[in-house]
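Welcome! Here are a few exercises to work through with the structure open beside you. Try each task before you read its solution.

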Amino acid sequence: MVEERRLAVLRAIIEDYVSTEEPVGSRALVERHRLGVSPATVRNDMALLEEEGFITQPHTSAGRIPTDKGYR
C-alpha cells in the first residue's frame, strides 16, 4: 500500500508539474488529487522519492519537480 501511495504521489507531481511548470508542494497535491492522507505524509513520501532519485527540490522552500528517472 505504501508503494502504491508513493507511486500515486509521483504521478500527481508529474501531472501537476507538466501542466503548471512550477515546483509542486505537498499541500497542493493533497488538495488537487485527494490522496486521502495529510500533507505531512505526502512530504514523507516526497522525501523518499527524492532519495530514490525520482524527484528533486530546486531550492529549500520550493516544492518538488520530477527528474528524468521520475518521468520514466
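A note before starting: this is a predicted model.

**Exercise 1. Find what covers the buried residues of α1.**

Step 1. The cover includes the helices α2, α3 and α4 (68-71). The strands β1 and β2 (65-66) also belong to it.

Step 2. Now look at what is being covered. The buried residues in α1 are R6, V9, L10, A12, I13, I14 and D16.

Step 3. Look just past the end of the helix. E21, just after α1, takes a positive phi of about 60°.

**Exercise 2. Check whether the length of α1 agrees or disagrees with 1.5 Å a residue.**

Step 1. Helix α1 has 19 residues, so at 1.5 Å a residue it should span 27 Å.

Step 2. The end C-alpha atoms of α1 are 27 Å apart, which agrees with that span.

**Exercise 3. Decide whether R6 and V2 are buried, partly exposed or exposed.**

Step 1. Start with R6, which is found in helix α1. Its relative accessible area is 9%, and buried means under 20%, so R6 is buried.

Step 2. List the neighbours of R6. Leaving aside residues up to four places away in sequence, R6 touches D45, L48, L49 and E52.

Step 3. Turn to V2, which also has its place in helix α1. V2 has 42% relative accessibility and therefore counts as partly exposed.

Step 4. Compare sequence and space for V2. V2 and I65 are 63 residues apart in sequence, and their C-alpha atoms are 20 Å apart in space.

**Exercise 4. Work out how α1 and α2 are arranged.**

Step 1. Locate the two helices: α1 covers residues 2-20 and α2 covers residues 26-33. Their axes are 10 Å apart, and the packing angle is about 95°.

Step 2. Angles of 65 to 115 degrees count as roughly perpendicular, so α1 and α2 are roughly perpendicular to each other.

Step 3. Name the residues that make the contact. From α1 come V9, A12, I13, E15 and D16, and from α2 come L29, R32 and H33.

Step 4. Sort the residues of this contact between α1 and α2: four are nonpolar, one is polar and three are charged.

**Exercise 5. Do the same for α1 and α3.**

Step 1. The axes of α1 and α3 cross at roughly 85° and come within 10 Å. This makes α1 roughly perpendicular to α3.

Step 2. On the α1 side, the meeting residues are R5, R6, V9, L10 and I13. On the α3 side, they are T41, V42, D45, M46, L48 and L49.

Step 3. Sorting the residues of the contact of α1 with α3 gives seven nonpolar, one polar and three charged.

**Exercise 6. Find where the buried residues of α3 sit around its axis.**

Step 1. Helix α3 runs over residues 39-51, which makes 13 residues. From its first C-alpha to its last α3 reaches 18 Å, close to the 18 Å expected at 1.5 Å a residue.

Step 2. V42, D45, M46 and L49 are buried in α3. Seen down the axis of α3, its buried residues fall within an arc of 105°, so they line one face of the helix.

Step 3. A general rule helps here: an α-helix has 3.6 residues a turn, so residues three or four places apart point the same way.

Step 4. Ask what the buried residues of α3 pack against: α1, α2 and β1 (55-56).

Step 5. Check the face of α3 turned away from the buried side, which carries the exposed residues N44 and E51.

Step 6. Finish just after α3, where G53 takes a positive phi of about 85°.

Conventions. Residues numbered from 1 in each chain as written. Predicted model: local features only at pLDDT ≥ 70, side-chain atom pairs only at ≥ 80, totals over all residues. Heavy atoms only, no water. Axes fitted to C-alpha atoms, helices over the stretch in contact; angles between N-to-C directions. Helix = DSSP H or I, 4+ residues; strand = E, 2+ residues; numbered from the N terminus. Parallel < 35°, antiparallel > 145°, perpendicular 65-115°, else oblique. Contact = heavy atoms within 4.5 Å. Nonpolar A, V, L, I, M, F, W, Y, C, P; charged D, E, K, R; others polar. Buried < 20%, exposed > 50% of the residue type's maximum accessible area, 1.4 Å probe, protein only. Expected span 1.5 Å × (residues − 1). Arc of directions from axis to C-beta.
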